[in-house]
Amino acid sequence: RPDEPFVWSLDFNAHFTCGTLYQEGKNLGRCVDNLFVKEAGKNLTMAQTLGLLFVQRYAGHRNKRIILTGDRNGRNKSAGSDKTMFEQVEQVLSEGLVVDGVRVGGGWQVDVQALTSNPPHKDKHVMVNDVLSERHEHLFMLRFDELLAKATIVSIEASPIHANYEKDKSSERPGFD
């Protein structure tokens, strides 16, 4: 919906930086896309590269408002930058960056609402399962675009967990296809 704002939940990692993009209604959220990068662009950080992917993909979006949320570690500075990872994405979206002599991005009204802590793994597991089951009328419902958010769906379905409810991240190692 090009006239509606976005919420972008980001996850910053050294070898894979990604985000799930949502549009929210009163009781329903729609995961409309997932964006990810595996390598930083020339003279860019992973966070900047992901931000540039977003502004290129959504250049024609009419409502230029977005909330950035997600990974509390995104409040840390990354190697090669004096800005936090959230600040880097925010800069690409709001001000733009000069890439190969051309200004790219900018023009978005950005509100950063990064998480300040991580709930225990078991609590997250229970909450996600409760939301996705849609058995509880008082909870938010969530829908995933079957084409643009396919990688998110596959990730949710294929990610094994350990007995303590921590995600098994063995598939996130470098070189894993």
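**Overall fold and local features of the predicted chain**

The secondary structure of the chain comprises four helices and eight strands. The model described here is a predicted one. Followed along the sequence, these elements appear in the order β-β-β-α-β-α-β-β-β-α-β-α. The radius of gyration is 17 Å, close to the 16 Å that the globule rule gives for 177 residues, so the chain is as compact as a globular protein of that length. Along the principal axes, the C-alpha atoms occupy a box of roughly 50 × 40 × 30 Å.

A look at contacts and surface adds to this picture. Of the contacts in the chain with a separation of 6 or more, 55% join residues that lie 24 or more positions apart. Buried residues account for 33% of the 177 residues. The accessible surface amounts to about 11,100 Å², and carbon and sulfur atoms contribute 50% of that area. As for charge, the chain carries 22 positive and 24 negative charges, and the mean positions of these two sets are 1 Å apart.

Helix α3 offers a handy check on geometry. This helix covers residues 121–133, and its 13 residues should span 18 Å at 1.5 Å a residue; the C-alpha atoms at its ends are indeed 18 Å apart, so expectation and model agree. Just after α3 comes Glu 134, whose phi is positive, at about 55°.

Two loop residues can now be visited in turn. His 61 sits in the loop that links α1 (46–57) to β4 (65–70). Its relative accessibility is 7%, and because a residue under 20% is classed as buried, His 61 belongs to the buried group. Leaving aside residues up to four places away in sequence, His 61 touches Arg 1, Pro 2, Glu 4, Phe 6, Gln 23 and Trp 108. Thr 116, by comparison, is 55 residues from His 61 in sequence, and their C-alpha atoms are 29 Å apart in space.

The second residue, Thr 84, is found in the loop between β4 and α2 (85–94). With a relative accessible area of 12%, Thr 84 also falls under the 20% cut-off and is therefore buried. Again not counting residues up to four places away in sequence, the residues that Thr 84 touches are Gly 74, Arg 75, Asn 76 and Lys 77.

Note on methods: Residues numbered from 1 in each chain as written. Predicted model: local features only at pLDDT ≥ 70, side-chain atom pairs only at ≥ 80, totals over all residues. Heavy atoms only, no water. Expected span 1.5 Å × (residues − 1). Rg over C-alpha atoms; globule rule 2.2 N^0.38 Å. Buried < 20%, exposed > 50% of the residue type's maximum accessible area, 1.4 Å probe, protein only. Contact = heavy atoms within 4.5 Å. Areas by Shrake-Rupley, 256 points an atom, 1.4 Å probe, with all protein chains shown as cover. Lys, Arg positive; Asp, Glu negative; His and termini not counted. Charge placed at Lys NZ, Arg CZ, Asp CG, Glu CD.
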